[in-house]
Amino acid sequence: MGTGFLFEPVTFPTTVKQWGAILALGLICSAFGFMVQPLAQRVLDPETISLIFSLEPLFAALFAFLVLGEVLTGREAVGAAIIFMSVVVAQVAKARAVSKMSPGGQK
């Protein structure tokens, strides 16, 4: 982004609608997300939170497809599937290990 200012002209929004879009993106995408995330982390256990966070790229790809019409290449889809499945396998393995422990924390 820093070099973009060197090669592209800088233009600012010129209409109220454009400024409204910037304001909405700032409030909804940034402020709301940063406020809700810590609240969710207090209520849910770390394993659930990490699984939810691992879905972020999946939702990004889904919305990129729905809103922008972007399509993942085969290589990108395989990479995404490998990353997602590795997180799921790690979470399932951890959950199974925790369930084998007795209530006192001893095996």
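pLDDT is the predictor's confidence in each residue, from 0 to 100. Keep that scale in mind on this tour, because where pLDDT is low, the predicted coordinates should not be read in detail.

This is a predicted model, in which local features need pLDDT of at least 70, side-chain atom pairs count only at pLDDT 80 or more, and totals for chains, interfaces and linings use all residues. Residues are numbered from 1 along each chain as its sequence is written, and side-chain values use heavy atoms, with hydrogens and water left out.

**Start with the whole protein**

Select everything and colour by confidence. The average pLDDT is 82, and 93% of the residues score at least 70. Confidence bottoms out in helix H1 (residues 4–7), with a mean of 76, and peaks in helix H2 (residues 16–43), at 87.

Now switch to a cartoon view. You will find five helices and zero strands, giving the pattern α-α-α-α-α along the sequence. Helices here are DSSP runs of H or I with at least four residues, strands are runs of E with at least two, and both are numbered from the N terminus.

Turn the model around: the C-alpha trace spans about 65 × 35 × 30 Å along its principal axes. The radius of gyration is 20 Å, whereas a compact globule of 107 residues would have one near 13 Å. That radius is taken over C-alpha atoms, and the globule rule is 2.2 Å times the number of residues to the power 0.38.

Next, show the surface. Of the 107 residues, 5% count as buried; buried means under 20% relative accessible area, exposed over 50%, and partly exposed in between (1.4 Å probe, protein chains only).

**Go to valine 16**

Select valine 16 in helix H2. Is this residue buried or exposed? Valine 16 counts as exposed because its relative accessibility is 74%. Add phenylalanine 34, 18 residues away in sequence, and the C-alpha to C-alpha distance reads 26 Å.

**Move on to helix H4**

Select residues 56–68, the 13 residues of helix H4. Its end C-alpha atoms are 17 Å apart, which agrees with the 18 Å expected at 1.5 Å a residue; the expected span is 1.5 Å times one less than the number of residues. Just after H4, stop at glycine 69, which takes a positive phi of about 75°.

**Finish at methionine 85**

Methionine 85 lies in helix H5 (residues 74–100). With a relative accessible area of 44%, methionine 85 is partly exposed. Select serine 54 too: the two residues are 31 apart along the chain, and their C-alpha atoms are separated by 9.7 Å.
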